[in-house]
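Me: I am new to this structure and would like to go through it by question and answer. Please show it before we start.

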Amino acid sequence: MGAERVLQAALAVVAVAAPSIARAEDVAIIDVGPTDSGQARARIAAALTGAGLKPLAGNGVDDALAGVDVTPDAQQLATAMAEAQRAFGALDCAATTTAAQQAIGIASARQAAGLAVPDLSRAWTYVLLCADRAGDTRTAMRASAQLRLAGGSTDVPADIAAKYPEVDALLDRETYPLDIGADTAGATVWVDGELVGPAPAHVILHAGDHVIAAAVGDRRGFATGSVVKSQTQLVIATTKQRGPYPAVAAKIASYHGSAPSPADIAQILTSVHARVAIVRHSDSIEAWGHAGRAEPVIRLGGEDGAGSLDDLDHISKLVAERVTAWNDHAPDPDRELLTESNTSGRFQRDKSVEKEPAKWWVYGAIGGAAAIAIGALYLSETSTTSQRIEVHVP
């Protein structure tokens with residue numbers, strides 16, 4: 001082994017002794033509420049990032065950790081609404097109406113599943129305003145009626161709303177019978193924002209456009225179009241809508257603002273493949289985690305790992321320090337060391353470790369041993385093969 005190898009060995013000894021830089025550890029932000037439009041989560045994420053950590057996000061996991069199961073149709077609805085808003089701002093009413101109608105169908109299916117659909121009124125607002133601009137009275141009247149059914153909108157100017165009052169616009173219009181079924185047993189049918197009942201359902205529809213939706217469990221679908229005399233049956237095709245973390249979202253939503261137990265936190269961390277979590281309930285936050293699955297989940301830093309949102313920077317730094325210690329395989333400051341008993345041969349907690357800090361000469365001996373080891377390696381290389389050096393460390 002040459003001098004270069006001796007230098008490499010010396011650097012290896014120094015590397016073992018020196019602490020490593022904490023990698024960008026994924027930290028789960030468990031937000032049990034109350035709902036604040038994600039403001040607390042954003043603050044926590046910013047503090048974690050500032051401490052060199054990585055807020056766990058992507059593929060719906062961040063929403064699931066806040067109790068929200070982001071399903072594929074929720075993402076499609078958000079995309080359609082964003083396009084409708086963009087097109088409306090660009091004064092492109094053709095594109096606005098197309099995107100809004102798509103959003104209305106998706107939202108109607110979610111409504112049939114019993115989900116909140118605040119986007120439904122916004123979508124009908126876009127349709128109404130564009131129809132009014134184009135002088136399409138029939139579409140504007142229908143949009144106005146659907147908007148009232150959806151709860152109204154403050155985005156419609158009063159003078160435009162007054163042009164389309166609540167009147168029976170269906171008088172003297174043809175009606176058609178329609179039997180509505182679904183490809184999944186037990187589905188509930190909705191027509192134009194109103195509950196019809198379980199499928200199969202028999203309805204009488206007036207001529208014109210309609211939105212028909214059906215849902216059962218996490219399966220839902222919709223159909224839009226105008227009824228015709230020749231079509232007397234319609235089967236709604238449903239699609240299973242589940243996010244990637246439905247169990248996590250359901251569990252966190254069930255807490256209703258209460259802090260989860262350590263056992264539940266451990267289960268959540270396993271589900272999302274993370275070691276550390278910041279748990280937020282109301283204005284309080286707590287840091288929880290473990291070095292690995294073999295270790296129990298504990299509150300990091302004890303009382304020091306709990307506080308308010310104003311303590312985010314301090315708690316984020318505490319988490320970063322723990323992650324660094326775990327990655328360096330250093331003693332975990334949150335866990336008591338174990339020592340072997342002379343009598344039983346079993347491991348017991350060594351209370352003396354907590355009371356007496358190591359003497360300065362212990363560290364000196366360790367450093368001296370490293371220096372002697374390096375010197376021994378060098379002498380061994382430069383001597384004859386018959387030379388032997390033994391190092392005895394006190």
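Me: Is strand β11 largely enclosed or not, and how many of its residues are buried?
Reply: This is a predicted model, in which local features need pLDDT of at least 70, side-chain atom pairs count only at pLDDT 80 or more, and totals for chains, interfaces and linings use all residues. Residues are numbered from 1 along each chain as its sequence is written, and side-chain values use heavy atoms, with hydrogens and water left out. Buried means under 20% relative accessible area, with exposed over 50% and partly exposed in between (1.4 Å probe, protein chains only); strands (E, at least two residues) and helices (H or I, at least four) are DSSP runs numbered from the N terminus. Strand β11 covers residues 276–281 and is largely enclosed by the rest of the structure, because the buried count is 6 of the 6 residues.

Me: Which residues cover the two faces of β11?
Reply: Both faces are covered. One side holds Val276, Ile278 and Arg280, and the other holds Ala277, Val279 and His281.

Me: In what sense does β11 pair with β12, and over how many bridges?
Reply: Two strands pair if DSSP finds at least two bridges between them. Valine 276 has glycine 289 of β12 as its bridge partner. In the hairpin of these strands, with 2 residues between them, serine 282 takes a positive phi near 60 degrees. The pairing of β11 with β12 (residues 284–289) is antiparallel, over 6 bridges.

Me: Which residue of β11 stands opposite aspartate 31?
Reply: Aspartate 31 belongs to strand β1, residues 26–31. β1 pairs with β11 in the parallel sense over 5 bridges. The residue opposite aspartate 31 is arginine 280.

Me: Is aspartate 31 buried or exposed, and what is the length of the polar contact between its side chain and that of arginine 280?
Reply: Aspartate 31 counts as buried because its relative accessibility is 6%. Its side chain also reaches the backbone nitrogen of glycine 33 at 3.1 Å. A polar contact is a pair of N or O atoms within 3.5 Å; within protein, one must be able to donate a hydrogen and the other to accept it, and residues adjacent in sequence count only if both atoms are side-chain atoms. Between the side chains of aspartate 31 and arginine 280, the polar contact is 2.7 Å.

Me: Which element gives the most residues to the largest nonpolar core?
Reply: A nonpolar core is a set of buried Ala, Val, Leu, Ile, Met, Phe, Trp, Tyr and Cys residues joined through side-chain atoms within 4.5 Å. The largest has 26 residues, and Ile104, Trp124 and Leu128 have the most contacts inside it. The elements giving two or more residues are α4 (72–89), α5 (93–112), α6 (119–134) and α7 (137–149). The one that gives the most, with 8 residues, is α6.

Me: How far apart are the end C-alpha atoms of α7?
Reply: The expected span of a helix is 1.5 Å times one less than its number of residues. The 13 residues of α7 should therefore span 18 Å. The end C-alpha atoms agree with this, being 18 Å apart.

Me: What is the strand order in the open sheet of 3 strands?
Reply: The pairing in this sheet is mixed. β3 (residues 175–182) and β9 run parallel, joined by 4 bridges, and isoleucine 180 has leucine 234 of β9 as its bridge partner. The order is β6-β3-β9.
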